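Q: I am new to this structure and would like a close look at a single part of it. Please take one chain, describe how it is built, and then go through what it touches.

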Amino acid sequence: MSSHAAHADAHAHPAIGTYLKIGLTLFILTALEVGAYEVVHRGQPAGFAHLLEPVVVPVLLILSAIKFALVAMFYMHLKSDGRLLSTVFVFSLVIAAVVITALMLLFAYLHHVAPTKVPGGP
Amino acid sequence: MATTVREAPPSHEPEPTGLWSWITTVDHKRIGILYGATAFFFFLLGGLEALIIRLQLAKPENTLVSAETYNQLFTMHGTTMIFLGVMPLSAMFFNYMIPLQIGARDVAFPRLNAFSYWVFLLGGLILNSGWLIHAAPNGGWFGYANLTSKQFSPGLNIDFWTVGLQVLGVASLAAAVNFFVTIINLRAKGMKMMYMPMFVWMSFITQMLLLLAFPVITVALILLMIDRTFGTHFYVPSGGGDPILWQHLFWIFGHPEVYILILPAFGIISEVLPVFSRKPLFGYAAMVFSGAFIAFLGFGVWSHHMFSTGMGPFADAFFSMATMLIAVPTGVKIFNWIGTIWGGQLQFKTPMLFALGFIAMFIMGGLSGVMHASPPADLQQTDTYFIVAHFHYVLFGGSIFGLTAGAYYWWPKMSGTMLDEKLGKVHFWLMLIGFNLTFFPMHFLGLNGMPRRVYTYAAENNFGFWNLIETVGSLILGLSFVVFLVNIWRTMKSKTPAPADPWNGATLEWSIPSPPQEFNFAEEPVVHGRDALWEAERLAGGRVPEPQRVSGKGIHMPNPSYWPAVAALGVATTLVGFIGGLHLPVSLTGVVILFLGVYRWAFEPAG
Amino acid sequence: MAEHAHALEHHTATGIDSRKLAIWTFIGSECLFFASLIGTYLVYKGRDVIGPKPHAEWLLNGKVQEQMLEIPLVTFGTALLLFSSLFVVMALNGAQRGNRRQLITWLVATICCGVFFVGMQVFEFTHFYHRGMGYTTNLFSSTFYTLTGFHGTHVTIGLIWLTSVLVVALRGKLPPEKALNLEIAALYWHFVDVVWIVIFPVVYLIR
């Protein structure tokens, strides 16, 4: 492994060892995500499923957010690149999140607080 | 995969002028002229559509055009003015002036620049091709669902609209990437972001808006296209779909879009006022931050276009407050413009007249805009001519006055000739009078209940008097453009030569010959502060001598190429295959052409 | 003052190559594209009365059907896509260090993973179609196929791009000085992976 030589470089690209560790982490996080889904889906083990069910949505979103950040920071090099690129990406993500959240809130009102009868709908 | 380069020709060799040189050009100045000429043509087309509308409305129960034709006219007038008029006219200035103002030789991606133009041209042609079969788009420029569904719009009209706009979207996105990177990366040595000309700043913010807003309308249009082509129910209630989704997606794009339409004009005004007041722009930093704040906030107000759709009190209140808030940074700008001219040595040349007209007209448009921000008030105003008055004051009184100021201001630089001042003043006064006659009475008509988008009205409504005044006003407006055309025609014949710096300008474009040589700057400039040319003149102790044309020996410029045009044809052909249902052979051919164009572009041999 | 041919690329006010900044700018724009599609999916989620449901039993001609989404298959595809991101950074590392063998091996591995992912999706779509979910069947079907279909299209374009880079590498024309060409393709590829990292839980795992 060339970890030492790579880290000596000012604009250090992460070493291959780091890439592999990130890869393994991503795999494990995915396994946890699917595991959480299966536990809630099957309702087994019963006690754990009972605990997990009310928080499974935030848990899944947090797990995927961590995966997202790992790929962005390490595989896409944002951690070691200049701040400009991170700013471009993060700003876009913020607006993207605003759009998704706003749509969900606006339609939640329409569907649950003040729904109108629509043929074919609930 | 880099742009190929070659040495610029010696200065005394005339630049090639044939059609082929224009088709293969990657020079930002030529591309700017292409945008300008094409956009001006479409602008006149949109103006003609407006005149026919005004003639139809001149008296009650008029029969000049049918209701169906009227629908096509107002749809195309709006769509044309926004997408084929104001936006590409702004693009003309982005293309021509941004590299000059930042001291660069060209944009970051010259072939991508050419690609953007050709895609724009094809998109504009597709959008207007419906006229040939009397099936021009007819669902309004905002295309509300589910009027635009296959059930209620079975003809090809809406297909021309969705396909044309998608093609135009590709052009805008490609150009936005290009200018975003150019402004960040290609600034001359010493030109920090906070030393950039205000036109460059406002254009920079505009590119960010384009990048974030256009994908949303792209999705909105794709879903509409899929509904119409494959029978899905994204916007169709009978299948569970909700037409409101269209409105949200459209306006999430649509509101940033209006800032895309006005910010470049803000930038132009911020260039013209200082030069013709012989004073630097007042409050530079505040202008930058207010522009950024307007753009950011602009993403949070879109549902003020939807106050009548029953979103509920919380949403109404939120969007209302956010909309009112936007008036604050806008007000900051207006005060700063006034602060710029205050105490200045005012030169009332034509560009300055249009800039001053802009301030007055934009304030009026802003005032009516703030009135719409209140949901209960807006419930009276929405879908009436009161709204039509508002947006014409900001879009015409704002954007068009601003772009016209830019046209007169930069004409000498782009053409090497001077427009006639007297005719310019006639143009201004006719335009100011005609504009106000046309649009001011719309405030009254709207409050008196005249609805939008109606092809006629009953005599008993008593709308006839003001409508007639407005029609007369619109004819005066049309006349003002005739004066402009006469001015251009006369100038092209007489060719009064323009010096490099006819206005005693503050920014770098005035430091090079008019028109500039292909490589722009003989030597790449080094900048020491804002208003780089005034700064350089201050350091030199006075005006700098008239720059000479020099040999371009040793300066490497990008090679011309026709592959961007080929790729553009590929994009257009792929999407045209969706008009009137999916015609797979057409779209697949388009994909092949696109791949061919892109691959040859990417692998063009260097040098 | 003479300028060298590639000054356009290297001499930037920020020190960041313009092409790299451009791909990130494009990626930022694409975030909004996928946000709109994901937003549409979420807005219509759970709104269907008839037709296939993602996580619940549904009726087809009076007969009870299993939930439409099949987790094991797509989990496998998700893992493939994640590994492909790892493989492409390994390939890039090889390109940057001039190790042609490493570059080509891992680039081939990346493309294989991507091809299998698309294959998985094609299989999934076909299978769903045979189980009774066409494109226009209901809102879930339309939003599902549109969202994942556009993602799959992006993957396919990424594969074509990576394959072109592979061909250049095989011809020996990807020395360390040109590693940026792979880096840019890799950034696009990672983005496509990152979008899937969002789609996978939102569509498949969250009920």
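A: A good place to begin is the interface of chain C with chain A, where the count is one salt bridge. The model is a predicted one, and chain C is the part followed here.

The salt bridge joins D81(A) to K20(C), and the closest N and O atoms of the two are 3.0 Å apart. Across this interface there are also five residue pairs in polar contact, counting pairs with both residues at pLDDT 80 or more. On the side of chain A that touches chain C, the elements giving two or more residues are α2 (16-42), α4 (56-75) and α5 (83-113) of chain A. Of these, α5(A) gives the most, with 14 residues. Sorted by class, that side of chain A has 29 nonpolar, 10 polar and four charged residues.

The extent of this contact can be given in residues and in area. It takes 43 residues from chain A and 47 residues from chain C. Between them, chain A and chain C bury about 4,100 Å², with 80% of it on carbon and sulfur atoms. In chain A, the residues that lose the most area to chain C are Y37(A), M76(A) and L85(A), which together make up 16% of what that side buries.

Next comes the build of chain C itself. Chain C has six helices and two strands. Read from the N terminus on, its elements run α-α-β-β-α-α-α-α; the order begins with two helices, goes on with the two strands and ends with four helices. The C-alpha trace of chain C spans about 80 × 35 × 20 Å along its principal axes. Chain C has 207 residues, and 63% of them count as buried. Among the contacts in chain C with a separation of 6 or more, residues 24 or more positions apart account for 74%.

One residue of this chain can serve as an example. F26(C) is found in helix α2 of chain C. Is F26(C) buried, exposed or partly exposed? Its relative accessibility is 35%, and because buried means under 20% and exposed means over 50%, F26(C) counts as partly exposed. The C-alpha atoms of F26(C) and N99(C) are separated by 30 Å, and these two residues are 73 residues apart along the chain.

Chain C also touches chain B. In this contact, 37 residues of chain C meet 41 residues of chain B. The area buried between chain C and chain B is about 3,400 Å², and carbon and sulfur atoms give 69% of that area. No salt bridge is counted between chain C and chain B. The polar contacts between chain C and chain B come to eight residue pairs, again with both residues at pLDDT 80 or more.

Which elements of chain C give two or more residues to the side that touches chain B? They are α1 (7-10), α2 (18-44) and α5 (139-170) of chain C. The most comes from α2(C), which gives 13 residues to that side. By class, the side of chain C that touches chain B has 17 nonpolar, 16 polar and four charged residues.

Some details of chain B, the partner in this second contact, complete the view. Helix α9 of chain B covers residues 313-341 and has 29 residues. At 1.5 Å a residue the helix should span 42 Å, and its end C-alpha atoms are 43 Å apart, so the two values agree. After α9(B) comes G343(B), whose phi is positive, near 75°.

Further along chain B, V544(B) lies in the loop between α16 (532-540) and β2 (556-558). V544(B) counts as partly exposed, at 35% relative accessibility. Not counting residues up to four places away in sequence, V544(B) touches L533(B) and E537(B). The C-alpha atoms of V544(B) and S511(B) are separated by 8.2 Å, with their positions 33 residues apart along the chain given as the distance apart.

T574(B) is found in helix α17 of chain B, residues 563-576. T574(B) has a relative accessible area of 17%, and because this is under 20%, T574(B) is buried. With its neighbours within four places in sequence left aside, T574(B) is in contact with S587(B), G590(B) and V591(B).

Terms used:
Residues numbered from 1 in each chain as written. Chains lettered and ligands numbered in written order. Predicted model: local features only at pLDDT ≥ 70, side-chain atom pairs only at ≥ 80, totals over all residues. Heavy atoms only, no water. Contact = heavy atoms within 4.5 Å. Buried area = accessible area lost by both parts, 1.4 Å probe. Salt bridge = Lys/Arg side-chain N within 4 Å of Asp/Glu carboxyl O. Polar contact = N/O pair within 3.5 Å; in protein donor to acceptor, adjacent residues only side chain to side chain. Nonpolar A, V, L, I, M, F, W, Y, C, P; charged D, E, K, R; others polar. Expected span 1.5 Å × (residues − 1). Buried < 20%, exposed > 50% of the residue type's maximum accessible area, 1.4 Å probe, protein only.
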